[in-house]
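Subject: Structure handover

Hi,

Here is the structure you asked about. My notes on the ligand site follow below it.

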Amino acid sequence: MDSVKAKKYLGQHFLKDESIARRIAESLSEDVGNVLEIGPGMGVLTKYVLEQKRPNFWVIEIDSESVEYLQTHYPDLSNRICFGDFLRIDLSTLFAAEKFAVIGNFPYNISSQILFKVFDNRNRIPEVVGMFQKEVAERVAAKPGSKIYGILSVLLSVYYDIEYLFTVSEHVFNPPPKVKSAVIRLKRNGVERLECDEKLFVQVVKAGFNQRRKTLRNALKALNISLDNVPDSYLQARAEQLSSQDFVALTSILQNETIEIK
Ligand code: SAH
């Protein structure tokens, strides 16, 4: 009966073009060491990463048919295939305390969730090379002042240098997605800790962009923190006008405010 049951939507668009698969794998820096591939599918990208002989290379795949296919066709990888959900897995079960880069032609339906998980694990993920739908790739790589600049652009750009590498046509996938795709690379910068409360920083960025058409004076009301000491130059601006460094500075001001209130 299982075979007639409809499969849960898994964002499966398999890459047909070997040269693009190779190019994605080659975009991963040599010095990053361990690698985790999310959603290997039938391994088009996997085989090029395998050639790189990484010290520890895991793949995580949620679809049992793909897992079976990989086990048969990539015996070298067989004890490094994790049948599971990237969004749920505790990453230390694969890499203990070691760092690892992330690569993939990602399932587009969970792009943002993958990136938020990368953000949460930023101190163990030195690099991400991945294919997303073009619009998501552009948003992540967007700079202040543009309409598509948003929460993920700010959060990720404080810790990562982000590069838009290349655009990929929908015709190189089976089945073709409705949208174009793009490959981006995120490389961890040297920032270990922010000079402000990191939890509050995330809240400030989210509050600012949740009402992105409003000035920060209005958008930040949702935080319930006094804005008395925040200069007008911030309050009159909209979130999309602030660089990630501006958000760090703004958070430092707000954080003193919370301490004063207590
Ligand atoms: N990398 C392959 C497949 C890309 S399609 C290629 O380029 O051809 C996306 C893949 O992600 C599918 O194989 C899908 O089964 C898998 N996937 C979807 N959601 C997942 C999740 N939460 N965790 C791990 N893999 C997932």
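A residue counts as near the ligand here if one of its heavy atoms lies within 4 Å of it. Please keep in mind that this is a predicted model.

**Shell around the ligand**

There are 21 residues around the ligand. Those that come nearest are Leu15, Gly39, Glu61, Asp85 and Asn105. By class, the shell holds 10 nonpolar, seven polar and four charged residues.

**Polar contacts**

Two residues pair with oxygen in the ligand. Gln12 does so through its side chain, with a polar atom 3.0 Å from a ligand oxygen. Leu15 uses its backbone: a polar atom there is 2.9 Å from an oxygen atom of the ligand. Gly39 faces a nitrogen atom of the ligand instead, with a backbone N or O atom at 2.8 Å. The ligand taken alone exposes 570 Å², and the protein buries 98% of that.

**The pocket**

Where does the ligand sit? It is in the largest pocket. Two elements give two or more residues to the shell around the ligand: β1 (14-15) and β3 (57-61).

The largest pocket encloses about 490 Å³ of space. Its lining has 30 residues. Nearest the pocket centre are Leu10, Gly11, Gly39, Glu61 and Pro107. The lining divides into 16 nonpolar, nine polar and five charged residues. Strands β1, β2 (35-38) and β3 each supply at least two residues of that lining.

Gly39 and Glu61 are worth finding on screen. Both are among the residues that come nearest the ligand, and both are among those nearest the centre of the largest pocket.

Best wishes

Terms used: Residues are numbered from 1 along each chain as its sequence is written. This is a predicted model: local features need pLDDT of at least 70, side-chain atom pairs count only at pLDDT 80 or more; totals for chains, interfaces and linings use all residues. Side-chain values use heavy atoms; hydrogens and water are left out. A polar contact is a pair of N or O atoms within 3.5 Å; within protein, one must be able to donate a hydrogen and the other to accept it, and residues adjacent in sequence count only if both atoms are side-chain atoms. Accessible areas come from the Shrake-Rupley method with a 1.4 Å probe; for residues, only the protein chains shown count as cover. On a 1 Å grid over the protein atoms alone, a cavity is a set of points where a 1.4 Å probe fits but cannot get out, and a pocket is an open set with protein on both sides within 12 Å along at least five of seven lines; lining residues have an atom within 4 Å of a point. A molecule sits in a cavity or pocket if more than half of its atoms lie within 2 Å of its grid points. Helices (H or I, at least four residues) and strands (E, at least two) are DSSP runs, numbered from the N terminus. Ala, Val, Leu, Ile, Met, Phe, Trp, Tyr, Cys and Pro count as nonpolar, Asp, Glu, Lys and Arg as charged, and the others, Gly among them, as polar. Grid points are joined across faces, edges and corners, and a volume is the space filled by probe spheres set on the points.
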